[in-house]
Amino acid sequence: MGNNVTDQQLVERVQRGDKKAFDLLVLKYQSRIVNLVSRFVRNPSDALDVTQEAFIKAYRAMPNFRGESAFYTWMYRIAVNTAKNFLAVQSRRPMEAEQDIEDFEQIGGENALKEYATPEHMLLRDEIQETVIKAIDGLPDDLRVAITLREVEGLSYEDIAVAMDCPIGTVRSRIFRAREAIDKLLKPLLDR
Amino acid sequence: MNKNYREQISVLMDGELDDESLSILKDLSDNHEHRQIWCRYHLVGESLRGNLPSHVDLGLADRVSAAIKNEPNILAPKRTVTHFLKPVLGFAIAASVAVVAILGVRHTGTGPSITPTQSVAVHQPDITSPQLANLSTEQETQQVSPTYKMPANATARLNRYLVNYNEYRTNAGVQGMLPYVRIVADEGEE
């Protein structure tokens with residue numbers, strides 16, 4: 001799949017010392033990894049913490065990634081192992097529920113208890129979903145079909161060109177215009 | 001921002017790479033605004049696939065970035081063997097090992113067609129009688145290995161050789177031929 005080619009390029013950049021290239025991999029896969037971890041770790045805030053830890057572990061392990069599998073497959077295994085380790089540690093801590101809230105307040109600084117999974121984050125998710133659906137509904141047919149075949153069905157530009165009976169350049173343009181139209185509605189929501 | 005540039009980001013995230021879209025990779029990771037576009041385009045994709053998590057935390061990537069900021073830079077050694085060559089290389093190594101194993105077996109003579117043990121053991125009672133020994137040698141050799149005909153005095157010579165070898169072996173610390181030596185040494189005492 002073509003997506004792997006981009007991942008491979010980004011991985012090679014990270015392995016040559018470009019930390020910012022790793023940010024692009026995080027931005028690309030964060031939703032999928034949070035979803036994956038959430039299947040093991042029910043508490044949404046813990047799931048976000050575990051996801052963050054999994055990405056950090058992946059970065060540290062990057063020199064060992066030899067590209068024999070897709071980056072996501074490799075990342076998937078790290079995320080699952082991190083989630084399982086988290087659960088194992090949690091199960092060995094029966095006293096945690098009895099800890100006084102003052103203990104947490106005294107931690108302070110960087111280790112302060114943070115609640116990442118807030119109601120606002122849940123609301124944001126619903127708003128993004130609504131906005132994207134609304135934007136898709138407002139697209140002309142050719143743009144809607146092109147972006148759906150690409151994002152939902154995972155077809156390559158070449159396959160979409162065959163399916164829509166048009167040149168690859170047109171497919172590329174339609175997908176981009178569809179993304180632009182959706183992004184026009186999404187950006188103000190995320191910039192708030 | 002240049003519309004063409006945004007289109008390159010779109011192409012890049014679909015993995016439909018050409019030289020132009022590859023060239024924006026570095027800028028994409030360096031430029032905050034471009035990274036945001038990359039992030040939003042991917043959010044659109046996850047949303048269309050129904051893969052948005054229950055809580056969308058837009059600060060996650062920034063926290064990861066901050067955490068790895070103090071990590072040492074990765075400088076992984078460049079891979080020299082390309083993926084498609086690996087199976088070929090593995091096959092070549094396996095074939096070499098197989099050839100060495102086959103030649104080694106032949107050279108050390110552990111195959112079933114090698115018969116000195118059988119010959120010496122079978123001829124043991126006939127050593128005291130040279131005529132019977134010669135006769136027996138020919139018969140038994142034919143039974144064990146019909147393609148190889150042992151000379152008449154071969155058994156006696158072989159036994160002498162093994163006795164000599166045994167003396168040499170104990171001095172030189174060489175291992176091997178213990179079963180032969182035990183048999184031949186007993187015969188020598190007789």
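What share of the 192 residues in chain A is buried? In this structure, which I should say at once is a predicted model, buried residues make up 34% of chain A. The chain is built from nine helices and has zero strands, so that reading along the sequence one simply meets one α element after another, in the pattern α-α-α-α-α-α-α-α-α. If we take the contacts in chain A with a separation of 6 or more, 61% of them join residues 24 or more positions apart.

Let me turn now to the partner chain. On the chain A side, 61 residues are in contact with chain B, and chain B contributes 49 residues in return. Several helices of chain A each supply at least two residues to that side, namely α1 (2-15), α2 (19-40), α3 (44-61), α6 (119-137), α7 (141-151) and α9 (168-191), and the largest share, 15 residues, comes from α2(A). Sorted by class, the side of chain A that touches chain B holds 29 nonpolar, 15 polar and 17 charged residues.

I would like to finish with one helix pair across this interface. The axis of α9(A) comes within 10 Å of the axis of α4 (residues 32-48) of chain B, and the two cross at roughly 105 degrees; because angles of 65 to 115 degrees count as roughly perpendicular, that is how α9(A) stands to α4(B). From α9(A), the contact uses A:Arg179, A:Ile182, A:Asp183, A:Leu186, A:Lys187 and A:Leu190, while α4(B) brings B:Arg40, B:Tyr41 and B:Val44. Taken by class, the residues of this contact are five nonpolar and four charged, with no polar residue.

Note on methods. Residues numbered from 1 in each chain as written. Chains lettered and ligands numbered in written order. Predicted model: local features only at pLDDT ≥ 70, side-chain atom pairs only at ≥ 80, totals over all residues. Helix = DSSP H or I, 4+ residues; strand = E, 2+ residues; numbered from the N terminus. Buried ≥ 20, exposed ≤ 12 C-beta atoms within 10 Å, placed from the backbone. Contact = placed C-beta atoms within 7 Å. Nonpolar A, V, L, I, M, F, W, Y, C, P; charged D, E, K, R; others polar. Axes fitted to C-alpha atoms, helices over the stretch in contact; angles between N-to-C directions. Parallel < 35°, antiparallel > 145°, perpendicular 65-115°, else oblique.
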